[in-house]
Amino acid sequence: MDNFVTIITFSHPVELAIPRGRLEADGIECRVLDELTVQVNPFFSNAIGGVKLQVKEGDIQKAVAILIDGGYMKKEDLQSLKSQTSLDNVSSKLPILEKLLRLIAIIAIATVITSTAVYFATRPSVSERLTQQSWCLDYIIYEDETYIPYTEKHLHISMSGYCQENIELKTDGTIMLPGFNSHAVSGVWTLEGKLLQISLVDTFDFVYNGFYTIDFSGKELILQSDQTTLFCFPQKNY
């Protein structure tokens, strides 16, 4: 009856200080598992089952009564405690297996954290996504009416592909937009927080000027202002 078994778990080490003190004040010997691991990296807590407060098997009944009286446990937790006691008994007989499983769990969550950090560190910015891709303009909705722009000499052919109409956001802050039975129009674009501002458009300014939300839906690009929505798709290679 000298085996230590987990009686209660906590997400963070600071949470077990008071209940542990209550138990030790009543002469119950305690042991804590995984405290240092969670202190080093709190993200590991869920992966390894939290910080474990353990007592000897012979002290379980007394310890449970103290924890219930102090509001740290409920009577409904007793069933899960029995399951945990059985698991701890098996683990104590297979210490190498227990350590291996805990190591695998830590490596798995560390891999996820690292992959997530790399993804966000290498993910292109909104500005880069707008300027590094050539965008074909499919159609425009202006004040709830749908329009297909038509630019004189509108066929846009390049080494990267073909668009009937396109918009081009240049790194120097200028933007080229389709006309309507006219030449292409130019303006200025800037990012204002999460919004794209198009301004100083030389023609059809009432259509194009404004602040646009930016929605990269799948591979498409949807720019929407109060009065205008531009539906774009990537210029494809042929």
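Start by selecting aspartate 34, which sits in the loop between strand 2 and helix 2 (35-40). Helices (H or I, at least four residues) and strands (E, at least two) are DSSP runs, numbered from the N terminus. Before moving on, a word on what is on screen: this is a predicted model, in which local features need pLDDT of at least 70 and side-chain atom pairs count only at pLDDT 80 or more, while totals for chains, interfaces and linings use all residues. Residues are numbered from 1 along each chain as its sequence is written, and side-chain values use heavy atoms, with hydrogens and water left out.

**Stop 1: aspartate 34**

Is aspartate 34 buried or exposed? Its relative accessible area is 8%, so aspartate 34 counts as buried (buried means under 20% relative accessible area, exposed over 50%, partly exposed in between, with a 1.4 Å probe and protein chains only). Now add lysine 52 to the selection: the two side chains, of aspartate 34 and lysine 52, make a polar contact of 2.6 Å. Such a contact is a pair of N or O atoms within 3.5 Å; within protein, one must be able to donate a hydrogen and the other to accept it, and residues adjacent in sequence count only if both atoms are side-chain atoms.

**Stop 2: the three-stranded sheet**

Next, show the strands around this site. An open sheet is built from three strands in the order 1-3-2, with antiparallel pairing (two strands pair if DSSP finds at least two bridges between them). Strand 1 (4-10) and strand 2 (30-33) are at the edges with a single partner strand each, so one side of each has no neighbour in the sheet. From one strand to the next, the twist averages 30°. Axes here are lines fitted to C-alpha atoms, for helices over the stretch in contact, and angles run from 0 to 180 degrees between N-to-C directions.

Zoom in on strand 2 and strand 3 (residues 51-56), an antiparallel pair with four bridges. Pick valine 32, and you will find leucine 53 of strand 3 as its bridge partner. Helix 1 (residues 17-25) packs on this sheet: it touches strand 1, strand 2 and strand 3, and its direction makes about 155° with that of strand 2. Contact means heavy atoms within 4.5 Å.

**Stop 3: helix 4**

Select residues 60-69 for helix 4, which lies across strand 1 and strand 3 and runs at about 15° to strand 1. Which residues of helix 4 are buried? They are Ile60, Ala63, Val64, Ile66 and Leu67. These residues span an arc of only 165° around the axis, so they are on the same side of helix 4; the arc is that of the directions from the helix axis to the C-beta atoms. Turn the helix around, and the face away from the buried side shows the exposed residues Gln61 and Asp69. Just after helix 4, look for glycine 71, with a positive phi of about 85°.

**Stop 4: strands 12, 13 and 14**

Jump ahead to strand 12 (residues 185-192) and strand 13, an antiparallel pair with five bridges. Glutamate 192 has leucine 195 in strand 13 as its bridge partner. Two residues lie between the strands of this hairpin, where glycine 193 takes a positive phi near 70°.

Colour strand 13 (residues 195-199) by burial to see its side chains alternate: Leu196 and Ile198 point to one face and are buried, whereas Leu195, Gln197 and Ser199 point to the other and are not. Strand 13 is also joined by four bridges to strand 14 (residues 210-215), running antiparallel. Threonine 213 in strand 14 stands opposite leucine 195.

**Stop 5: phenylalanine 204 and serine 182**

Follow the chain to phenylalanine 204, in the loop between strand 13 and helix 8 (205-208). With 18% relative accessibility, phenylalanine 204 is classed as buried. Not counting residues up to four places away in sequence, phenylalanine 204 touches Gly179, Phe180, Ser182 and Val185. Valine 185 is 19 residues away from phenylalanine 204 in sequence, and the C-alpha to C-alpha distance is 7.8 Å.

Finish on serine 182, part of strand 11 (residues 180-182). Serine 182 is buried too, at a relative accessible area of 13%. Its side chain reaches the backbone nitrogen of phenylalanine 180 at 3.2 Å.

**Zooming out**

Show the whole protein chain, with its eight helices and 16 strands. Of its 238 residues, 34% are buried.
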